[in-house]
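Work through these exercises with the sequence and the 3D view side by side. Try each task before reading its solution.

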Amino acid sequence: MGLSFFFIRQCKKEIAIRKVMGSTSGEVLLLMLRTFSVPMLVAFVIAVPVSYYNMSDWLSNFSYRIALSPWIFAVAGSACLIIFLLTVIIQSWRTASENPVNNIKTE
């Protein structure tokens, strides 16, 4: 969330120039989603095997053992995806809906 706030704040001038040149708010929104979706997917692909290994090792030390099922990782990934989408969409929409002149003349 913090990374998206910071990045979108840094790109306000770029977004304003895109809007002046004729881009729609939807196109700006898709650009920001594409920018953030690749690192999010890479992080999820890396996190699943690492967390599976660590959790199975940790859970093996208990006398009452449970099995790790794939739905646990699917729910965690879905929750992260929903938070990611809501954060990026809200911040991108706010920035794209502002008057582009205000963002361009500040620098």
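**Exercise 1. The second largest pocket**

How much space lies in the second largest pocket?

Some ground rules come before the solution. The model is predicted, so local features need pLDDT of at least 70 and side-chain atom pairs count only at pLDDT 80 or more, while totals for chains, interfaces and linings use all residues. Residues are numbered from 1 along each chain as its sequence is written, and side-chain values use heavy atoms, with hydrogens and water left out.

Solution.
- Step 1: define the pocket. On a 1 Å grid over the protein atoms alone, it is an open set of points where a 1.4 Å probe fits, with protein on both sides within 12 Å along at least five of seven lines.
- Step 2: take the volume. It is the space filled by probe spheres set on the points, which are joined across faces, edges and corners. The second largest pocket holds about 200 Å³.
- Step 3: list the lining, meaning residues with an atom within 4 Å of a point. M1, L3, S4, F36, P39, M40, C80, I83, F84, T87 and V88 line this pocket.
- Step 4: assign elements. Helices are DSSP runs of H or I, at least four residues, numbered from the N terminus. α1 (2–10), α3 and α4 each give at least two lining residues. The largest share, five residues, is from α4.
- Step 5: sort by class. Ala, Val, Leu, Ile, Met, Phe, Trp, Tyr, Cys and Pro are nonpolar; Asp, Glu, Lys and Arg are charged; the others, Gly among them, are polar. The count is nine nonpolar, two polar and no charged residues.

**Exercise 2. The largest pocket**

Find which residues lie closest to the centre of the largest pocket.

Solution.
- Step 1: the volume is about 260 Å³.
- Step 2: 14 residues line this pocket, and M40, F44, A76, G77 and C80 are the closest to its centre.
- Step 3: α3 and α4 are the elements that supply two or more lining residues.
- Step 4: the lining has 11 nonpolar, three polar and no charged residues.

**Exercise 3. T87 and Q91**

Are T87 and Q91 buried or exposed?

Solution.
- Step 1: set the cut-offs. Buried is under 20% relative accessible area, exposed is over 50%, and partly exposed is in between (1.4 Å probe, protein chains only).
- Step 2: place T87. It is in helix α4. Its relative accessibility is 11%, so T87 is buried.
- Step 3: check its contacts (heavy atoms within 4.5 Å). Beyond residues up to four places away in sequence, T87 touches M1, S4 and F5. A polar atom of the T87 side chain lies 2.7 Å from the backbone oxygen of I83.
- Step 4: place Q91. It also lies in helix α4. Q91 is buried because its relative accessible area is 15%. With the same sequence neighbours left out, Q91 touches F5 and I8.

**Exercise 4. The nonpolar core**

Which elements give two or more residues to the largest nonpolar core?

Solution.
- Step 1: define the core. It joins buried Ala, Val, Leu, Ile, Met, Phe, Trp, Tyr and Cys residues through side-chain atoms within 4.5 Å.
- Step 2: list its 11 residues: I8, C11, I15, V28, L29, M32, L33, F36, F84, V88 and A96.
- Step 3: α3 (25–59) and α4 (70–97) each give two or more. The largest share, five residues, comes from α3.
- Step 4: follow one member. Leaving aside neighbours within four places in sequence, L33 contacts F84, L85, V88 and I89.

Definitions and conventions:
A polar contact is a pair of N or O atoms within 3.5 Å; within protein, one must be able to donate a hydrogen and the other to accept it, and residues adjacent in sequence count only if both atoms are side-chain atoms.
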